[in-house]
Amino acid sequence: MNTRDLPPLPGGSGQARALAELNERSREIFRQIVESYLATGEPVGSRNLARILPMALSPASIRNVMSDLEQAGLIFAPHTSAGRLPTEHGLRFFVDALLELGDVGQEEKGRIEAQMRAAASRHHTFESALTEASVLLSGISRGAGVVVTTKQNPRLRHIEFVRLDPGRALVVLVSDDGSVENRLLDLPAGLPAGALQEASNFLNARIRGRTLGEVRGEIEAARTAMKQELDELTERLVDAGLARSVGPSEERQLIVRGQANLLDDLRAAEDLERIRLLFSDLESQKDVIDLLSRAEGGEGVRIFIGSENKLFSLSGSSMIAAPFRDGSQTIVGVVGVIGPTRLNYARIVPMVDFTARVVSRMLERGRG
């Protein structure tokens, strides 16, 4: 993976060039500050840096470099006379220019693929594999694993209308894969008692092995013949059931697993407040879906850090996400990880990338 897969550095090309011109000593000191932060979450000072740097430098020389890095907007001092932490711009520069990605071992690859396929087979739904993907990424990252996918119109085995009260019914959709979905439907006024069964029989004679969208298109093309077969109110019920059940093509579903991981390893009251804000962000599903959908714009893994997106501007969180494709190579969803900005990018980026590829392969092979 290379930096072409990642969003550009905020601040414009001039700042990017200035940062790229850091000399080797400055880059190494900056790298050590970032890697220490990613490992511990704590600031690092010049004396500690002098002990861990691969080159011999005095604390005074290191402080001079740190001052330059601070002026460049890459690091900051959280407290007076404290060590330094990377800024969000610093993290972006590190990810774009200095991050050395690890690899996913063959044993781990096999385990991930086996667990996702087992979940899909056990529960007979592809959504189970996506849920397993979010669980796996959560466990690996110690953050929240997230998946967004377009809701599919499945091929159906059976449809039934069940009256709940005079004005509402339940549409029960049974898919070929055995999954069941229930949706509420408002009933036309004055609907006869037998109309629900009549509508169910009418659709079941046409639906098996096909999607609601396909049947809807056929019925619209044969509107005259349908009028002769159904009375007006039942026809309205069929129309309403098809429209309500098919839904908009861009409807999305969000799967989030592992939020509790975000409560681990909190060091201060401000950490707890940051996580509280992140939980609030995750509850705003539309905004999370919109953000994840932005990851569909690139070919590879995308990384969003802190205030680069408005959703995480308060909680100071990061997201690593990659799109997955169906058999026609159309992007149909995104898998990813949401967590604090000190995520283990070197490990999580290739893991998210591999998981997205597994999901794509499962779709290409017919979800199994």
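A salt bridge is counted here where a side-chain nitrogen of Lys or Arg lies within 4 Å of a carboxyl oxygen of Asp or Glu. The structure examined is a predicted model, in which local features need pLDDT of at least 70 and side-chain atom pairs count only at pLDDT 80 or more, while totals for chains, interfaces and linings use all residues. Residues are numbered from 1 along each chain as its sequence is written, and side-chain values use heavy atoms, with hydrogens and water left out.

The chain contains 14 helices and 10 strands, where helices (H or I, at least four residues) and strands (E, at least two) are DSSP runs numbered from the N terminus. Of its 368 residues, 48% count as buried, a term that stands for under 20% relative accessible area, whereas exposed stands for over 50% and partly exposed for values in between (1.4 Å probe, protein chains only). The accessible surface of the chain comes to about 17,600 Å², and 48% of this surface belongs to carbon and sulfur atoms; such areas come from the Shrake-Rupley method with a 1.4 Å probe, and for residues only the protein chains shown count as cover. When contacts (heavy atoms within 4.5 Å) with a separation of 6 or more are considered, residues 24 or more positions apart account for 63% of them.

The structure holds 10 salt bridges, and a network of them links Glu28, Arg31 and Glu100. Within this network, the side chains of Arg31 and Glu28 meet at 3.8 Å, N to O. Both residues belong to helix α2 (residues 24–40), where they are 3 residues apart, about one turn of the helix, and both are buried. Arg31 also forms a salt bridge with Glu100, with the closest N and O atoms 3.8 Å apart. Because Arg31 lies in helix α2 and Glu100 in the loop between α5 (88–98) and α6 (106–123), this pair ties together parts that are 69 residues apart in sequence. The two partners differ in burial: Arg31 is buried, with a relative accessible area of 17%, whereas Glu100 is exposed, with a relative accessible area of 59%.

A further salt bridge joins the side chains of Arg347 and Glu108, at 2.9 Å from N to O. Arg347 lies in helix α14 (residues 345–364) and Glu108 in helix α6, so the pair ties together parts that are 239 residues apart in sequence. Arg347 counts as partly exposed, at 33% relative accessibility, while Glu108 counts as buried, at 18% relative accessibility.
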